[in-house]
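Here are some worked exercises to try with the model open beside you. Attempt each task before you read its solution.

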Amino acid sequence: MQLQGTEAYRDNLAIKIGGARESLILLSAYVTVPGIQWVVDKLKGKIIKGDLVVRWHPDDLLSGASSLDVYEIVKSLGWNLYIATELHAKVVLVDEKELFLGSANLTGRGLALVPGGNNELGVELNATLRDVAALYAVRDESVLLTDDLFKAIKAHIGNLPKINSSRSPWPPNIQSYFQKIPRRLWVADCFWTSPTDTVIAFSEDEEHSIEHDSRLLGFPKGVERAQKAELSRAFLTSRAWLWVNCLIRESGEDGLFFGTLTQKLHNALLDDPTPYRKNVKGLVANLYAWIRYLDLPNVIIDQPGRRSERIRVTI
C-alpha cells in the first residue's frame, strides 16, 4: 500500500475503472457532472453493474458542490443512485476486488480535472470480504433515488434562495424517505456503558466509554444533567435501538431472548476482527440496562420460566 497524490490516485483509478468487468460501487459525498462523466468516459461504453452513493444535502445542491444532473447520467448507465445524508466517505470498489480509498470527491476539483484542482491523497487496497460487506451495508442503508423522489428534491431546491448561509434540512415530505432501518452495525453504534455508569456514577476508568455514549446520544458534554425524556428521545433514534427494535418486531409475540440477540448482534457487526462473544454479551447487557433505565413505553423485559431474559414490544 502506497499513499498517492491527486494525479497518481486519479490515473490509477482510471485504469482500474477502465478494466472493470462486472461492477462498480462509488461512494462520494459530492458528485458533479465532470466527475461522473469522467467515470463514464473511462468505461468506454462498457456495460457493468453500478451503484453511486451521494450525500445530497440541500446546501450541497444549492452551492453546486453536487449536481442534480448526475441522476440522469447515472440512469442512462442503468445504475442506481442512492442518498446517504450523513455520508462523508470517498470510496470506489471495482469488481468487489480493488478498493480505492481517499479524500477526493467525484468532482472536477476533487479529481483535478479542471485548473486549480484540489490537493488530495488516496490509497489502493485489495478488498477483503468484510470490506465488501461494509460497503454494501452503506449502500443498503441508503435511500434509492426514484423519479418521484428526484422530482420532489428538484422542486424543493428550485424554490430555495440561491444564497443560504445555514445548513437547510430537507422538508418533512422528503426527510421521511431517509428513515432507513440499519441491518448491520459497528461496535461504535452500540452502547459501551450502562446508564448507571453514564448518568449516575462517573468512573475515571470508563471515561472514554462514557464519552462515547454521551456523544452517541447527542450530549457531547455529558448526559449527567439530561432529563430522562431527552435521553429517551435520543435513544429511540440511535442506530442500535432502531436495529434491535426491528428485530424484536420481526420476532412477533415471542420477543428476543438475550442469547438470540447476542448471536444476531455478533453476526451483524462489521468490525474486523469481530469482537469476542463475551464482549458482544456486554454490549447486549448495556442495551438491556438502557431500556430498563429509560422505561420505554410498550417495551417489556421479562424472564419466562428458567430461560434467559427477553425483550418484547406490546404493539
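## Exercise 1: Placing a lysine

Lys 46 sits in the loop between helix 2 (33-43) and strand 3 (49-54); helices (H or I, at least four residues) and strands (E, at least two) are DSSP runs, numbered from the N terminus. This is a predicted model, in which local features need pLDDT of at least 70 and side-chain atom pairs count only at pLDDT 80 or more, while totals for chains, interfaces and linings use all residues. Residues are numbered from 1 along each chain as its sequence is written, and side-chain values use heavy atoms, with hydrogens and water left out.

**Task.** Find out which residues Lys 46 touches, not counting residues up to four places away in sequence.

**Solution.**
- Step 1: Start with accessibility, where buried means under 20% relative accessible area, exposed over 50%, and partly exposed in between (1.4 Å probe, protein chains only). Lys 46 counts as partly exposed because its relative accessibility is 33%.
- Step 2: Look for contacts, meaning heavy atoms within 4.5 Å. Beyond residues up to four places away in sequence, Lys 46 touches Gly 18, Gly 19 and Ala 20.
- Step 3: Compare sequence with space. Lys 46 and Gly 64 are 18 residues apart in sequence, and their C-alpha atoms are 29 Å apart in space.

## Exercise 2: Two helices that cross

**Task.** Describe how helix 12 (residues 258-268) and helix 13 (residues 277-294) cross.

**Solution.**
- Step 1: Choose the descriptors. Two packed helices are described by the angle between their axes and the distance between the axes.
- Step 2: Read the values. The axes of helix 12 and helix 13 come within 9 Å and cross at roughly 115°. Axes here are lines fitted to C-alpha atoms, for helices over the stretch in contact, and angles run from 0 to 180 degrees between N-to-C directions.
- Step 3: Assign the hand. This crossing of helix 12 and helix 13 is right-handed; a crossing is left-handed if the near helix is turned anticlockwise from the far one by less than a right angle, and right-handed if clockwise.
- Step 4: List the partners. From helix 12, Phe 258, Gly 259, Leu 261, Thr 262, Gln 263, Leu 265 and His 266 meet residues of helix 13 that include Arg 277, Val 280, Leu 283 and Tyr 288.
- Step 5: Sort them. The residues in the contact of helix 12 with helix 13 are 9 nonpolar, 4 polar and 2 charged, where Ala, Val, Leu, Ile, Met, Phe, Trp, Tyr, Cys and Pro count as nonpolar, Asp, Glu, Lys and Arg as charged, and the others, Gly among them, as polar.
- Step 6: Check the connection. Pro 273 is found in the loop between helix 12 and helix 13, and a cis peptide bond with omega about 0° joins Asp 272 to Pro 273.

## Exercise 3: An aromatic cluster

**Task.** Is the pair of Phe 191 and Trp 290 stacked, tilted or edge-to-face?

**Solution.**
- Step 1: Apply the cut-offs. Rings of Phe, Tyr and Trp (its six-membered ring) pair if their centres lie within 6.5 Å; planes under 30 degrees apart count as stacked, over 60 as edge-to-face and the rest as tilted. The whole structure holds 7 aromatic pairs.
- Step 2: Classify. Phe 191 and Trp 290 are 5.5 Å apart, centre to centre, with 40° between the planes, and form a tilted pair.
- Step 3: Locate both rings. Phe 191 is in the loop between helix 7 (172-175) and helix 8 (195-200), Trp 290 is in helix 13, and the two are 99 residues apart.
- Step 4: Add accessibility. Phe 191 is buried because its relative accessible area is 1%, and Trp 290 counts as buried at 0%.
- Step 5: Widen the view. Ring pairs join Phe 191, Phe 235, Trp 241, Trp 290 and Tyr 293 into a cluster. Lys 228 lies over the face of Tyr 293, 4.4 Å from the ring centre (NZ of Lys or CZ of Arg within 6 Å of the centre and within 35 degrees of the ring normal).

## Exercise 4: Positive phi

**Task.** Where does Asp 95 lie, and what is its phi?

**Solution.**
- Step 1: Asp 95 lies in the loop between strand 5 (90-94) and strand 6 (98-102).
- Step 2: Although Asp 95 is not a glycine, its phi is positive, about 55°.
- Step 3: Asp 95 is among the contacts of Ser 23, a residue of strand 2 (residues 23-28).
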